[in-house]
Amino acid sequence: MRITILTLFPTMFEGFLHTSIIKRIIDKGLVEIRIVDIRDYSLDKHRHVDDTPYGGGAGMLMKVDVLHRALAANSKENSRILLTSPKAKPFKQSDARRLSKFSDIVIVCGHYEGIDYRFEKYVDEKVSIGDYVLTGGELASMVISDAIVRLLDDGISKQSLEIESFDNNLLECPQYTRPYDFYGDKVPAVLLSGNHRDIKHYNDKMALRETLKYRPDLLENHQFTKEEIALLEEIRNEFEG
């Protein structure tokens, strides 16, 4: 098996790769784990990988063009592409077992405030390791890799595996940054309108849509406004259609 991890902080993986069970499994030749610096695929002299979000908002977003170049250079046709993200069902042991059957996995580590939403179409699945916030996806990628690698045949004893067990309740709306037009995939026009009321309405709706699609259980504890109730009904009708 080969696991490739795309990250902004390659040095974080030094201890992970050279200690404990992971090192022994690598030394056995059962897995190759490659660490790739995303900054190597930035085209400007300062190696920028992020930019401010269209429509306003706090923080910086990772750029879709840089991420796409990094992914294209380090994946194969049969690669399973994972993106660390809170917008996903929690990673479980059953997921680790399923992924351990793939021969080539690429894990993209999110960072900053998030990533340009357009990059998600190049990903096979998003993975979350829990309902909490980390500074980046590096730790999550280690957890996912560790859970997968230890299940490889002859990685650890079969006996060890047999006795194992295993602020408002909404996900964030999709976000975008430069370039505006990426191979014909354009940023939604409302985010460039300058109309803050329309932008808020759009973002509120998309946040509800993302939550209903990926984590509907979170809505059980959400205190809905009248506007959100109307938006949710509108979204449900769109899903049914």
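Hi everyone. A residue counts as buried when its relative accessible area is under 20%, as exposed when that area is over 50%, and as partly exposed in between. Please keep that in mind, and remember too that what we have here is a predicted model.

Let's begin with the rings. Searching the whole structure turns up four aromatic pairs. In one of them, the ring centres of Phe119 and Tyr122 are 6.2 Å apart and the planes meet at 45°, so we call this pair tilted. Are these two residues buried or exposed? Phe119 has a relative accessible area of 0%, which means that Phe119 is buried. Tyr122 is partly exposed, because its relative accessibility is 27%. Tyr122 also pairs with Phe182, this time edge-to-face, with 6.4 Å from centre to centre and 85° between the planes. Phe182 comes out at 7%, and because that is under the 20% cut-off, Phe182 is buried. Put the ring pairs together and you get a cluster of Phe119, Tyr122, Phe182 and Tyr183. There is one more ring to look at: Tyr214 has Lys126 lying over its face, 4.1 Å from the ring centre.

Lys126 comes up again with Ala88. Where does Ala88 sit? Look in the loop between β5, residues 80-84, and α4, residues 93-99. Ala88 has a relative accessible area of 3%, so this loop residue is buried. Which residues does Ala88 contact, if we skip its neighbours within four places in sequence? They are Lys126, Val127, Ser128 and Arg215. Lys101, by contrast, is 13 residues from Ala88 in sequence, and their C-alpha atoms are 21 Å apart in space.

Next, a sheet. Three strands make an open sheet in the order β3-β4-β7, and the pairing is mixed. At the edges are β3, residues 50-51, and β7, residues 114-115, each pairing on one side only. Strand β4, residues 61-62, runs parallel to β7, and two bridges join them. If you want to find one of the partners yourself, Met62 is bridged to Ile115 in β7.

Now for the inside. Nonpolar side chains tend to be buried together in soluble globular proteins. In our model, the largest nonpolar core has 24 residues, and the ones touching the most other members are Ile3, Ile33 and Val149. Several elements each supply at least two residues of this core, including β1 (2-7), α2 (20-27) and β6 (104-108). Which element gives the largest share? That is α5, with five residues. For a closer look, take Ile33: beyond its neighbours within four places in sequence, its contacts are Ile3, Ile5, Phe16, Leu17, Ile22, Ile26 and Val149. There is also a second, separate core of 19 residues, and among them are Met62, Leu71, Val108 and Val123. You have already seen Met62, in the bridge with Ile115.

Leu71 takes us to our last stop, helix α3, which covers residues 64-73. Its buried residues include Val64, Leu67 and Leu71. An α-helix has 3.6 residues a turn, so residues three or four places apart point the same way. Asp65, Val66 and Ala70 are buried in α3 as well. What do the buried residues of α3 pack against? They pack against β1, β4, β5, β6, β7 and β9, the last of these being residues 181-182.

That's my tour. Thanks for listening!

Conventions: Residues numbered from 1 in each chain as written. Predicted model: local features only at pLDDT ≥ 70, side-chain atom pairs only at ≥ 80, totals over all residues. Heavy atoms only, no water. Phe/Tyr/Trp six-rings, centres within 6.5 Å; stacked < 30°, edge-to-face > 60°. Buried < 20%, exposed > 50% of the residue type's maximum accessible area, 1.4 Å probe, protein only. Lys NZ or Arg CZ within 6 Å of the ring centre and 35° of its normal. Pairing = 2+ DSSP bridges. Helix = DSSP H or I, 4+ residues; strand = E, 2+ residues; numbered from the N terminus. Contact = heavy atoms within 4.5 Å. Core = buried A, V, L, I, M, F, W, Y, C linked by side-chain atoms within 4.5 Å.
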